[in-house]
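Visitor: I have a structure open in front of me and would like to learn how to read its features. Could you walk me through them?

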Amino acid sequence: MSSNLFQPRQSGFSLMEMMIAITVGFIVVAGIGYLYLGSSQTFKTQDSLSAIQENSRFALDTMSRDIRMAGYMGCGNLSGITPNNITSNPQIGTPPALPPGLQVFPTGAGWAAPAGYSRVAGDVLRVSHASSTGVTVSASMGNQGANIKIGANPGNFQAGDVLLVSDCQHADVFVATTVGNGTPVTIAHANNFNTSNNLSWLYGISPPPAQVYTFQQIDYFLGCPTASWAGGQCSVPVALYQVINNGVPQALVDNVENMAFLLGVDTSGTVPPAKLVGAYQSPTTVAAANNWANVLAVQVHLLMVGGPANDSGSNVAVTSQSYTFNGVTYAADRRLRQEAIATIAIRNRLP
């Protein structure tokens, strides 16, 4: 008998079998690719939304702390005390008057951007207030040009700081020209950084004793370094900047496309004011009436965007979509946008 009878029969794939295998393979690969693209798109969307929400919370929390303190003057506030302001370097407000604790410059009108930066969109917010705690004066001033004396320096006051001294009936804002390190600590207010050597009052230890506070004027604006700003576009992400006492702007968060405010105003017209919000008005309306003293609350609106326009990685939406904010409609693109809103009461103006 032939030995070929015990050898298995050898044969390859038929054409039909090969076509079926290739088709099944394509289907499997396409399915895996679809799942990958879907997962990647979901990840990019969630990552963009997370960044928007995190930036929104940080920006609103930071601004809220300053807005709540607007107009705080130690044991008094701007509704009861008009501080004497002798600052010149840095200059806080426009001597001799201070801003009214809180002011909004509609679309930046009347506000000058810091050197090296451009305001690119939205309103500008300015808040002025003293620090939450002060240091008690340890000796009475002999004359209005005398140094202020405090027993210790827990506030870590330094030369060049903007300070406020107040006894609940009078207040002065000045730049500390020197701060001693002895006992007592002496704080000078010479005219090399102030418009005058003299304060408006002889602050002392008579009840209530005067106290010294750190004083801040804080501006918030949406900006771009001027070197990166050309043709209406910023080559780096537009940021929300904070400027303290006309110093160097600090970027708080990136990718804030616009900023607007509504102001809760006491419209009762009574004397003394009812201190109840009667209407929310635009900054333009409040500015036209010079009604800043009756602003009791601030509603902040921030338009957050998922990334800069010149970054293709910001295009995470499936389709292009336009967005309208504060009457401005933005051209349709694939970047995610979200409006963040917070309403903050000004503590020193409420009952």
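Visitor: Are tryptophan 111 and phenylalanine 221 buried or exposed?

Guide: In this predicted model, tryptophan 111 and phenylalanine 221 are both buried.

Visitor: How do I describe a pair of rings such as theirs?

Guide: The general idea is to give the distance of the centres and the angle of the planes. For tryptophan 111 and phenylalanine 221 the centres are 5.0 Å apart and the planes make 45°, a tilted pair. Tryptophan 111 sits in the loop between strand E4 (102-105) and strand E5 (117-130), while phenylalanine 221 belongs to strand E12 (residues 211-225), so the contact ties together parts 110 residues apart in sequence.

Visitor: How many aromatic pairs does the structure hold?

Guide: There are 4 aromatic pairs. One of them joins tyrosine 117 and tyrosine 241: with centres 5.2 Å apart and planes at 65°, the pair is edge-to-face, because an angle over 60 degrees puts a pair in that class. Tyrosine 117 is part of strand E5 and tyrosine 241 of strand E15 (residues 239-244), so this pair ties together parts 124 residues apart in sequence.

Visitor: How should I read the accessibility of tyrosine 117 and tyrosine 241?

Guide: Buried means under 20% relative accessible area. Tyrosine 241, at 7%, therefore counts as buried, whereas tyrosine 117, at 22%, is partly exposed. Taking the rings together, Trp111, Tyr117, Phe221 and Tyr241 are linked into a cluster by ring pairs.

Visitor: Let's turn to charges. Which side chain meets aspartate 219 in a salt bridge?

Guide: Arginine 126 does, with an N to O distance of 2.8 Å. This is a good case for looking at where each partner lies. Aspartate 219 is in strand E12 and arginine 126 in strand E5, so the salt bridge ties together parts 93 residues apart in sequence. Aspartate 219 and arginine 126 are both buried. In total, the structure holds 5 salt bridges.

Visitor: Which residues are joined into one network by salt bridges that share partners?

Guide: Let's build up to that from its pairs. Glutamate 257 meets arginine 335 at 3.5 Å, N to O. Glutamate 257 is in strand E17 (residues 256-265) and arginine 335 in the loop between strand E21 (328-333) and strand E22 (337-345), so parts 78 residues apart in sequence are tied together. Both glutamate 257 and arginine 335 are buried. Arginine 337 and aspartate 333 form another salt bridge, at 2.9 Å, N to O. Arginine 337 is buried at 13% relative accessible area, and aspartate 333 is buried at 17%. Salt bridges with shared partners join Glu257, Asp333, Arg335 and Arg337 into one network.

Visitor: And how do I read a sheet from its strand order?

Guide: Follow the order from one end to the other. Here an open sheet of 3 strands runs E7-E11-E10, with antiparallel pairing. Strands E7 (148-150) and E10 (178-179) are at the edges with a single partner strand each, so one side of each has no neighbour in the sheet. E10 and strand E11 (residues 185-188) are joined by 2 bridges, and valine 179 has isoleucine 187 in E11 as its bridge partner.

Visitor: Which residues make the nonpolar surface patch of about 550 Å²?

Guide: Leu15, Met18, Met19, Ile22 and Phe26 make that patch. Take isoleucine 22 as an example: this residue is found in helix H1 (residues 15-68) and is partly exposed, with a relative accessible area of 44%.

How values were computed
Residues are numbered from 1 along each chain as its sequence is written. This is a predicted model: local features need pLDDT of at least 70, side-chain atom pairs count only at pLDDT 80 or more; totals for chains, interfaces and linings use all residues. Side-chain values use heavy atoms; hydrogens and water are left out. Two strands pair if DSSP finds at least two bridges between them. Helices (H or I, at least four residues) and strands (E, at least two) are DSSP runs, numbered from the N terminus. Patches are made of residues with over 30% relative accessible area and no salt bridge: like charges are joined within 9 Å, nonpolar side chains (Val, Leu, Ile, Met, Phe, Trp, Tyr) within 5 Å. Accessible areas come from the Shrake-Rupley method with a 1.4 Å probe; for residues, only the protein chains shown count as cover. A salt bridge is a side-chain nitrogen of Lys or Arg within 4 Å of a carboxyl oxygen of Asp or Glu. Buried means under 20% relative accessible area, exposed over 50%, partly exposed in between (1.4 Å probe, protein chains only). Rings of Phe, Tyr and Trp (its six-membered ring) pair if their centres lie within 6.5 Å; planes under 30 degrees apart count as stacked, over 60 as edge-to-face and the rest as tilted.
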